[in-house]
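Biologist: Show me the model, please. I want to ask how each label is earned.

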Protein chains: 2
Amino acid sequence: MAKVAHDRGHDVVLWGTWLDDPMLDPVERGEEHPRLRLRLPGLRLARAGDLARALEGAELVVCGVNSDGIVEVLRRAAPSLPDVPIVSVTKGLLEGSAKRAERIDLVVGETLGRDPRFVHAAGPAKAMEVARGVLTWMCFAGRDAESAKAALGGGHLLVSTTDDIAGAELCSALKNAYATGLGMWDGFVGAEAHNARAACFAQAIAEMRALVVAAGGRADTVHGPAGVGDLHVTAAAGRNRAFGERIGRGEPAVEVARDMGAKGQLTEGYAAIASAHRFARERGVADLPLLGAIHAVVWAGADVGATLRDLRFG
Amino acid sequence: MAKVAHDRGHDVVLWGTWLDDPMLDPVERGEEHPRLRLRLPGLRLARAGDLARALEGAELVVCGVNSDGIVEVLRRAAPSLPDVPIVSVTKGLLEGSAKRAERIDLVVGETLGRDPRFVHAAGPAKAMEVARGVLTWMCFAGRDAESAKAALGGGHLLVSTTDDIAGAELCSALKNAYATGLGMWDGFVGAEAHNARAACFAQAIAEMRALVVAAGGRADTVHGPAGVGDLHVTAAAGRNRAFGERIGRGEPAVEVARDMGAKGQLTEGYAAIASAHRFARERGVADLPLLGAIHAVVWAGADVGATLRDLRFG
């Protein structure tokens with residue numbers, strides 16, 4: 001997103017947390033960013049200790065910290081944070097003060113003690129492809145979505161806007177869980193079961209819709225890039241899918257998690273399944289057979305064959 | 001569907017048109033059905049000339065004739081057709097008496113001179129997998145949908161019902177066109193463009209929704225197995241996708257159509273693109289950039305690169 005903002009003509013400061021020096025060091029030397037494998041000329045770089053200076057005079061903040069770190073980073077940023085929109089690409093659910101799974105914008109708001117002017121950026125948007133100019137359709141959600149779109153949209157980055165931040169955040173949090181589940185299902189039913197694969201995709205959309213509506217979001221958000229689009233890309237390939245597929249083919253979930261964890265490959269889907277299931281239970285959303293089955297297998301040691309064989313959709 | 005009905009305990013007559021003797025001959029000898037590669041014991045077989053006898057006493061008719069043949073077959077059947085539900089798996093649009101592209105159930109009704117009690121069977125349901133017991137989720141649409149579900153649903157065949165026959169038929173007709181378009185798009189953008197692929201899938205759903213609503217159908221039909229589910233399976237693999245991909249990678253559409261036609265591989269998607277585009281034009285549905293681009297390339301000789309490079313979603 002820093003590259004997009006720079007390409008749009010903005011003066012960009014790329015700040016890294018205390019974990020990001022290995023990313024910034026090569027960029028500072030004019031070499032490629034190790035993850036993006038792109039040079040990023042023209043960005044001003046700022047290190048962890050320079051947070052206040054990095055935020056000085058900012059007209060827009062883009063926050064790409066993951067869900068484990070976002071509250072701590074914004075707590076540290078708070079004294080220097082100008083009252084500007086924060087475009088957040090962070091995906092997940094966090095525990096709020098009411099001790100239940102909650103949207104990130106609400107938990108951040110509790111931490112800052114004020115409305116953080118969050119714009120949640122949802123939709124199928126792998127960072128490397130966004131940086132490399134691949135056509136990407138995102139959904140910006142929040143009351144400042146239009147101004148964020150004006151700043152960042154255009155060219156290869158198509159942006160739709162909505163005020164439905166609840167729906168957009170839930171879609172982003174849920175799609176990792178359901179993509180893992182689709183991988184598990186596909187691993188179980190095998191390649192020559194196109195009907196069953198498609199049925200499960202439709203079921204995932206139906207369950208995401210039920211959860212979004214329970215969170216105060218709107219169905220139409222699920223049916224656009226934030227839901228249908230992002231689930232499509234996340235389920236098609238990648239680590240969430242691989243994690244699920246191995247379990248679906250019969251490897252015990254704890255062993256797959258341990259193995260992928262040891263290789264640094266453990267996916268967002270693993271934790272996302274637990275938080276999605278918790279969210280459903282806390283909000284009293286019943287009739288989610290797919291999520292129930294995914295959770296039973298991944299987190300409760302249920303037998304994958306017995307669990308998925310009895311799964312029924314619709 | 002004959003196998004499903006037999007497995008549910010019904011007394012089934014499998015009738016074949018004047019083109020289907022090569023399918024029925026081996027079945028009659030107790031050998032495998034050449035397409036399904038399954039034995040079909042217990043079915044009573046009837047040949048083209050025995051249509052009246054095949055229909056005698058029928059409590060339910062399942063019609064699997066393709067869209068080119070369905071009107072002629074039902075015209076011949078009409079004198080013997082009992083007033084029972086007709087479960088139709090035929091997908092497409094036909095020209096009605098008003099000389100515009102129309103739903104099949106309406107054109108059949110014009111031909112029969114009465115309401116044909118159609119139940120359109122939509123959803124991701126490859127016939128071979130249905131016959132082989134792969135879990136399948138279909139959407140039965142029409143006022144007799146519940147009785148059709150009672151007769152055929154159960155076991156591996158999950159059936160949802162709706163009275164939205166307009167939405168279900170349009171989804172079935174449109175998904176071949178859009179699946180071909182998604183193949184074309186994916187061929188154009190290449191494998192390392194997941195964002196662009198997912199964006200196009202979301203756009204296809206949005207355009208199918210606009211067309212369904214214009215036909216008097218409902219958005220929720222698009223968001224279930226009939227739309228999202230069937231587009232998913234049709235776009236993931238198969239001949240529609242292959243046809244589109246070759247065009248997307250730069251082969252002229254007329255040559256791909258000629259080549260696949262010569263091999264007997266030309267897909268439903270080819271004609272479906274023309275009829276979908278005609279339907280949109282006749283109903284005055286504008287703002288369908290994806291369908292417009294697909295049609296321009298496949299039917300109007302537009303350059304695939306120039307056309308898709310300028311395509312924008314949302």
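Modeller: Start at a turn in the backbone. A:Gly216 has a positive phi of about 90 degrees, just after α9(A). Keep in mind that this is a predicted model.

Biologist: What makes the length of helix α9 of chain A agree with its number of residues?

Modeller: Helix α9 of chain A covers residues 194-214, which is 21 residues. The expected span is 1.5 Å times one less than that number. That gives 30 Å, and the end C-alpha atoms lie 31 Å apart, so the two agree.

Biologist: Is α9(A) mostly covered or mostly open, and how do you know?

Modeller: Mostly covered, as 18 of its 21 residues are buried. Buried requires 20 or more other C-beta atoms within 10 Å.

Biologist: Which residues have the most contacts inside the largest nonpolar core?

Modeller: A:Ile205 and B:Ile205. That core has 195 residues. Helix α8 of chain A, residues 165-189, gives the most to it, with 15 residues.

Biologist: What does B:Ile205 touch, beyond four places in sequence?

Modeller: From chain A, B:Ile205 is in contact with A:His223 and A:Val228. From chain B, its contacts are B:Val222, B:Gly227, B:Val228 and B:Leu231.

Biologist: How many residues does each chain put into the contact between chains A and B?

Modeller: Chain B gives 35 residues and chain A gives 35 residues. On the side of chain B, the elements that give two or more are α6 (127-131), β8 (136-141), β9 (157-162), α9 and α11 (225-236). The largest share there, ten residues, comes from α9(B).

Biologist: Why are α8(B) and α9(B) called roughly parallel or roughly antiparallel?

Modeller: Their axes cross at roughly 155 degrees and come within 9 Å. The cut-off for roughly antiparallel is over 145 degrees. The pair is therefore roughly antiparallel. The crossing is right-handed.

Biologist: Which residues make that contact?

Modeller: On α8(B), they include B:Gly167, B:Leu170, B:Cys171, B:Leu174 and B:Tyr178. On α9(B), they include B:Ala196, B:Arg197, B:Cys200, B:Phe201 and B:Ala204.

Biologist: What makes α14(A) and α15(A) oblique?

Modeller: Helix α14 (residues 268-283) and helix α15 (residues 289-299) of chain A pack at about 130 degrees, with axes 10 Å apart. Roughly perpendicular ends at 115 degrees, and roughly antiparallel needs over 145. An angle of about 130 degrees meets neither label. Hence the pair is oblique.

Biologist: Is the crossing of α14(A) and α15(A) left-handed or right-handed, and which residues meet?

Modeller: Left-handed. A:Tyr270, A:Ile273, A:Ala274, A:Ala276, A:His277 and A:Ala280 of α14(A) meet A:Leu291, A:Ile294, A:His295, A:Val298 and A:Trp299 of α15(A).

Biologist: At what angle do α12 and α13 of chain A pack?

Modeller: Helix α12 (residues 239-248) and helix α13 (residues 253-262) pack at about 145 degrees, with their axes 9 Å apart. Their crossing is right-handed. The contact is made by A:Phe243, A:Arg246 and A:Ile247 of α12(A) and A:Ala253, A:Val256 and A:Met260 of α13(A).

Biologist: Now single residues. Why does B:His120 count as buried or exposed?

Modeller: B:His120 has 30 C-beta neighbours inside 10 Å. The buried label starts at 20. So B:His120 is buried. B:His120 sits in strand β7, residues 118-122, of chain B. Its contacts include B:Ser88, B:Asp105, B:Ala141 and B:Gly142.

Biologist: And why does B:Leu81 count as buried, exposed or partly exposed?

Modeller: B:Leu81 has 19 C-beta neighbours inside 10 Å. Buried takes 20 or more, and exposed takes 12 or fewer. B:Leu81 is therefore partly exposed. B:Leu81 lies in the loop between α4 (70-77) and β4 (86-88) of chain B. Its C-alpha is 13 Å from that of B:Thr111, 30 residues away in sequence.

Biologist: What is phi of A:Arg37, and how do you know whether A:Arg37 is buried or exposed?

Modeller: Phi is near 55 degrees, a positive value in a residue other than glycine. A:Arg37 has 10 C-beta neighbours inside 10 Å. The limit for exposed is 12 or fewer, so A:Arg37 is exposed. A:Arg37 lies in the loop between α2 (21-28) and β2 (44-46) of chain A.

Biologist: Where is B:Arg37, and what is its phi?

Modeller: B:Arg37 is in the loop between α2 (21-28) and β2 (44-46) of chain B. Its phi is near 55 degrees. With 10 C-beta neighbours inside 10 Å, B:Arg37 counts as exposed.

Terms used. Residues are numbered from 1 along each chain as its sequence is written. Chains are lettered from A and ligands numbered from 1 in the order in which they are written. This is a predicted model: local features need pLDDT of at least 70, side-chain atom pairs count only at pLDDT 80 or more; totals for chains, interfaces and linings use all residues. Helices (H or I, at least four residues) and strands (E, at least two) are DSSP runs, numbered from the N terminus. A nonpolar core is a set of buried Ala, Val, Leu, Ile, Met, Phe, Trp, Tyr and Cys residues joined through C-beta atoms within 7 Å. Two residues are in contact if their C-beta atoms, placed from the backbone, lie within 7 Å. Axes are lines fitted to C-alpha atoms, for helices over the stretch in contact, and angles run from 0 to 180 degrees between N-to-C directions. Angles under 35 degrees count as roughly parallel, over 145 as roughly antiparallel, 65 to 115 as roughly perpendicular and the rest as oblique. A crossing is left-handed if the near helix is turned anticlockwise from the far one by less than a right angle, and right-handed if clockwise.
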